[in-house]
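Trainee: I should like to go through this model with you, one question at a time.

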Amino acid sequence: METNNKQKYQKTSGIKNGDSIIIIGNEIEENEKNKNFDEKKPLLQKEVEIKPSIREHKYLKQIIILNIIYALLIMSCYLYSLFLPGVFTEFVKNNYPHLSPTEQQSRSSYYKSFSDSIPYFTMFLFGPLFGVLSDKYGRKPILVLSFVMTFFDILSCWVTMKTNNLIYFYVGHSIAGLNNVANAAVFSFISDVSFSESHISLLYSLTGIAIGSGIIFGPLIYVYTSVSPIQDLTLYVAAGLLIVCLFGLPFLSESLEIAKKNNTFKDTKNSLNPFKHIYDLFSSRGSLFWIILLFISISYTSQDVSNTYYYYTTLMYSWTPKEIGLFIGGLGLVLILWGAIGIPILLNYFSTRKVISIGFFISFCCHILMIFSNHSMYYYIIGCGIGTFVPNNTNLIQSLISIVTPSELQGTIITGLQSLGSLAQFSGALATGDIYMYFISNKSPFFFPQAPYFINTIIIFLTFLGSIIIWNYYKNEQNQIKTSINN
């Protein structure tokens with residue numbers, strides 16, 4: 001019974017009955033007919049021999065279109081996110097003119113911590129349901145929902161600026177937290193149209209190019225719009241990019257129809273309870289629980305830089321919006337290099353699991369640099385730059401889970417995973433904001449704005465050690481599944 005349950009959730013699309021293929025996470029071991037498995041043969045050699053080229057991907061054009069749309073969405077979101085700190089700063093200046101500049105930044109950071117965290121909680125509450133709907137009605141409707149929610153978010157910000165009332169923004173921004181379902185829709189789309197496990201891990205990594213492109217051009221646009229005489233031009237451009245995304249959707253096929261056409265999607269009457277599907281998958285793969293803990297850890301610790309970089313660089317280095325925009329654009333370029341060159345090279349020599357652990361160690365080293373960034377801004381620049389490995393690491397962890405998830409449950413499981421990550425991001429954003437605010441305020445016994453980085457350095461190092469233990473458990477589980485399949 002246990003073996004059947006494991007096989008039910010084992011992703012085996014594209015496997016011919018005449019071949020004997022053993023699936024072990026991101027490693028595929030193929031035996032010729034009537035030949036025994038040679039345990040002495042290096043796994044790396046076999047893995048390289050059977051990896052198909054991305055150029056051979058049947059739906060490469062569709063994946064390129066998807067990544068262009070995704071890049072435009074990221075561009076809009078980053079352009080908007082760079083605009084938001086100024087909204088809180090102006091609100092505090094208008095309503096608390098008696099505060100000192102440092103106290104005004106502390107108060108601004110306090111208000112921003114809520115705006116950073118609440119959308120993640122919305123995603124945690126409602127994301128899993130939209131994951132089920134994604135598996136039922138398709139990925140494109142979920143992308144449309146994301147675009148509409150982001151547009152609604154921008155509109156609420158515009159109303160707040162005109163009324164000098166943060167309530168409008170908090171309400172709109174909280175509801176718009178559902179725009180995070182776009183990430184799961186993108187990854188589910190890739191899995192729907194990919195029939196090779198090595199393709200899935202690599203294509204998940206290559207989404208870093210789309211993310212990096214958005215991070216480059218969004219801030220570069222902000223460098224211009226932030227000094228433009230046209231009031232609120234940044235908001236108008238961000239909204240315009242969303243409209244371009246909508247115009248691009250007709251050129252994108254529905255990936256569920258592609259999966260059905262290739263007989264990799266079972267059109268079944270699944271329960272609308274996403275947690276039931278997640279429980280069933282966990283029951284078949286005990287190691288997934290520990291892998292998700294890694295995902296939660298990286299989601300939590302990633303909030304320190306993303307929620308403090310604007311105020312931190314302004315406070316410590318007196319950077320202007322233009323300099324901050326150029327800095328974020330540079331991070332986007334490094335992110336592209338990781339996704340297009342660095343990660344693929346590592347995947348050629350190491351398993352996905354080992355690359356993930358390498359990523360945690362890199363993040364640990366980068367945080368050490370940021371702890372000492374009070375001595376030089378170059379410590380901060382280098383730490384953040386090399387640390388752009390983190391988004392790629394998140395994608396790699398998701399690829400491990402996607403590989404063992406059936407096509408008809410991709411949206412449910414991946415969105416459920418991101419919902420759990422959103423809860424961690426919610427906690428991380430609140431904690432980071434409060435810690436940063438406290439250590440730059442007069443209440444702190446000493447001035448230490450690097451405190452969020454110091455605390456997360458410890459968490460990341462423990463996660464790195466934990467990942468090594470988890471992969472050993474994961475390997476043993478895969479060996480058991482291999483034995484069951486052979487028998």
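The exchange below concerns the core, the aromatic rings, two loop residues and one helix.

Mentor: Please note that this is a predicted model, in which local features need pLDDT of at least 70, side-chain atom pairs count only at pLDDT 80 or more, and totals for chains, interfaces and linings use all residues. Residues are numbered from 1 along each chain as its sequence is written, and side-chain values use heavy atoms, with hydrogens and water left out.

Trainee: Which helix gives the most residues to the largest nonpolar core?

Mentor: A nonpolar core is a set of buried Ala, Val, Leu, Ile, Met, Phe, Trp, Tyr and Cys residues joined through side-chain atoms within 4.5 Å. Buried means under 20% relative accessible area, exposed over 50%, and partly exposed in between (1.4 Å probe, protein chains only). The largest such core has 110 residues, of which Leu 143, Ile 291 and Tyr 380 touch the most other members. With helices taken as DSSP runs (H or I, at least four residues) numbered from the N terminus, the greatest contribution, 19 residues, comes from helix H3 (residues 60-95).

Trainee: Which residues does Ile 291 touch, not counting residues up to four places away in sequence?

Mentor: Contact means heavy atoms within 4.5 Å. Under that sequence exclusion, the residues touched by Ile 291 are Ile 397, Leu 400, Ile 401, Ile 470, Trp 471 and Tyr 474.

Trainee: How many residues apart are Phe 121 and Phe 426?

Mentor: Rings of Phe, Tyr and Trp (its six-membered ring) pair if their centres lie within 6.5 Å; planes under 30 degrees apart count as stacked, over 60 as edge-to-face and the rest as tilted. The whole structure holds 28 aromatic pairs. Phe 121 and Phe 426 form a tilted one, at 5.2 Å centre to centre and 40 degrees between the planes. Phe 121 belongs to helix H4 (residues 101-137) and Phe 426 to helix H18 (residues 410-439), and their separation is 305 residues.

Trainee: Is Phe 121 buried, partly exposed or exposed?

Mentor: The relative accessible area of Phe 121 is 33%. Because this value lies between the two limits, Phe 121 is partly exposed.

Trainee: What kind of aromatic pair do Tyr 312 and Tyr 380 form?

Mentor: Tyr 312 lies in helix H13 (residues 303-317) and Tyr 380 in helix H16 (residues 377-386), so their pairing ties together parts 68 residues apart in sequence. Both tyrosines, Tyr 312 and Tyr 380, are buried. Their rings are 5.0 Å apart centre to centre, with 25 degrees between the planes, and the pair is therefore stacked.

Trainee: Is Asp 232 buried or exposed?

Mentor: Asp 232 is found in the loop between helix H8 (197-225) and helix H9 (233-248). Its phi is near 60 degrees, a positive value in a residue other than glycine. Relative accessibility is 8%, so Asp 232 counts as buried.

Trainee: Is Ser 318 buried or exposed?

Mentor: Ser 318 occupies the loop between H13 and helix H14 (321-349). Phi of Ser 318 is near 55 degrees, again positive in a residue other than glycine. Because its relative accessibility is 56%, Ser 318 counts as exposed.

Trainee: How far apart are the end C-alpha atoms of H18?

Mentor: Of the 30 residues of H18, 22 are buried, so the helix is largely enclosed by the rest of the structure. The expected span of a helix is 1.5 Å times one less than its number of residues. For H18 this gives 44 Å, which agrees with the distance between its end C-alpha atoms, 42 Å.

Methods. Helix = DSSP H or I, 4+ residues; strand = E, 2+ residues; numbered from the N terminus.
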